[in-house]
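Please open the model in your viewer and keep the selection tool at hand. This tour goes from one pocket to another, with a suggestion at each stop of what to select.

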Amino acid sequence: MVSELSRRSFRIALAIVVASVVAAIAAGGVAVKLALDYPDRPHAGQGRTIEVQIDRGMSFPAVAERLARAGVIDRPRWFRLYAMHRGATTRVRHGRYPLRDDMTPREVLDALLAGVEDVTVPVTIPEGLHILEVFAILDRAGVARAADLEAVCRDPEFLADRGIAGDTCEGYLFPDTYRFRAPTPARAVLDRLIERHRAVWQQARRKHAASVERLERKLGWTDRELLILASIVEKEAAVDSERERIAQVFINRLTSPSFRPKRLETDPTIRYGCTVPLEKSAACRAWDPTQRLRRRQLDDVDNPYNTYRHEGLPPGPIANPGRRSIEAAMNPDGSRFFYFVARNDGTHVFSKTLAEHTRWVNRYQK
């Protein structure tokens with residue numbers, strides 16, 4: 001009786017073990033089939049196109065995770081194993097990929113290996129814009145976010161690494177037409193504009209070496225002061241033929257013993273001080289940039305860029321000058337004028353005396 005019961009229990013146990021083994025084999029077979037079918041199994045999507053940015057130097061596990069988060073693949077670990085099987089984990093090309101959400105892993109990997117053509121956009125930076133205006137243009141073009149560009153431009157470490165004095169990269173972003181990938185990291189964008197500025201600057205220095213040497217010896221200036229002057233010339237001059245003369249007017253005001261106080265008295269510097277610096281005076285905060293400067297702004301001693309109240313050059317450049325203004329600052333025309341007033345047609349009348357200047361002001365401005 002006991003023996004019969006033992007045999008029955010053994011048969012039941014054996015049946016359970018056999019069933020478990022069969023189930024395990026079956027499950028293993030299903031798993032193996034799923035793994036083998038994985039490369040050619042479309043992702044459960046609706047055929048939508050999703051843009052995925054693959055960054056330069058990105059590891060393949062990070063690539064797989066980004067694709068999974070974007071909804072292009074599932075099972076990122078399987079995708080990685082599949083890529084390893086194909087020897088493709090180090091051959092993925094960076095770029096911005098338009099991928100459908102119903103592609104197979106094989107199609108996705110093939111696309112990453114084929115790469116995408118760099119999409120570039122033309123961007124023109126006009127002469128005489130300040131940094132915030134430059135950043136707005138780059139933002140609208142989709143090159144980089146204005147906030148990111150401004151943060152880098154004001155970063156002391158970024159400026160120190162590039163040998164830029166002052167608290168921003170103002171003046172060092174050369175106005176020109178560029179082509180950028182969209183998007184491009186903010187640092188790379190600024191570096192390109194700064195490198196272009198330096199190339200043009202060195203060309204201008206070589207061209208006007210003797211004049212620059214005289215200015216540096218006479219005024220004790222460095223490239224920084226020349227750049228500040230060039231930025232002011234850029235904001236004041238409308239026609240190329242007057243740039244060297246306008247530069248000379250400001251130099252005369254700073255160097256002539258008979259001209260006192262040695263103030264440049266130029267409106268664009270005030271406007272800059274009320275627009276770009278992070279810390280602004282009360283008078284600047286009360287000013288509407290769409291309106292003309294009022295007496296409160298002209299008399300504002302708390303604006304360090306107010307050249308009606310402070311002698312000498314302002315603390316830094318007030319715009320990003322082009323080649324002609326840079327050369328004008330390096331090679332002023334040697335004239336003896338101290339004043340100029342706009343004729344309202346883009347040109348100016350230049351005067352040597354205040355009385356003469358006043359007559360022209362009354363004629364053209366009042």
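Before the first stop, a word on residue classes: Ala, Val, Leu, Ile, Met, Phe, Trp, Tyr, Cys and Pro count as nonpolar, Asp, Glu, Lys and Arg as charged, and the others, Gly among them, as polar. Please also bear in mind that this is a predicted model.

**First stop: the largest pocket**

Begin with the largest pocket, which has a volume of about 1200 Å³. Select E265, D267, Y308, V341 and Q365, which are the closest to the centre of this pocket among the 33 residues that line it. Then colour helix 10 (223-236), helix 11 (243-255), helix 12 (267-273), helix 14 (295-298), strand 5 (339-342) and helix 16 (354-364), the elements that each give two or more residues to the lining of the largest pocket. Helix 16 contributes the largest share of that lining, with five residues. If you colour the lining of the largest pocket by class, you should find 14 nonpolar, seven polar and 12 charged residues.

**Second stop: the second largest pocket**

Move next to the second largest pocket, whose volume is about 350 Å³. Here the residues to select are Q53, G95, R96, R181 and P183, the closest to the centre out of the 19 that line the second largest pocket. Strand 1 (49-54) and strand 2 (95-100) are the elements that give two or more residues to this lining, and strand 2 gives the most, with four residues. Which classes make up the lining of the second largest pocket? Eight of its residues are nonpolar, four are polar and seven are charged.

Technical notes: Residues numbered from 1 in each chain as written. Predicted model: local features only at pLDDT ≥ 70, side-chain atom pairs only at ≥ 80, totals over all residues. Heavy atoms only, no water. 1 Å grid on protein atoms, 1.4 Å probe; cavity = no way out; pocket = protein on both sides within 12 Å on 5 of 7 lines; lining within 4 Å. Points joined across faces, edges and corners; volume = space filled by probe spheres on them.
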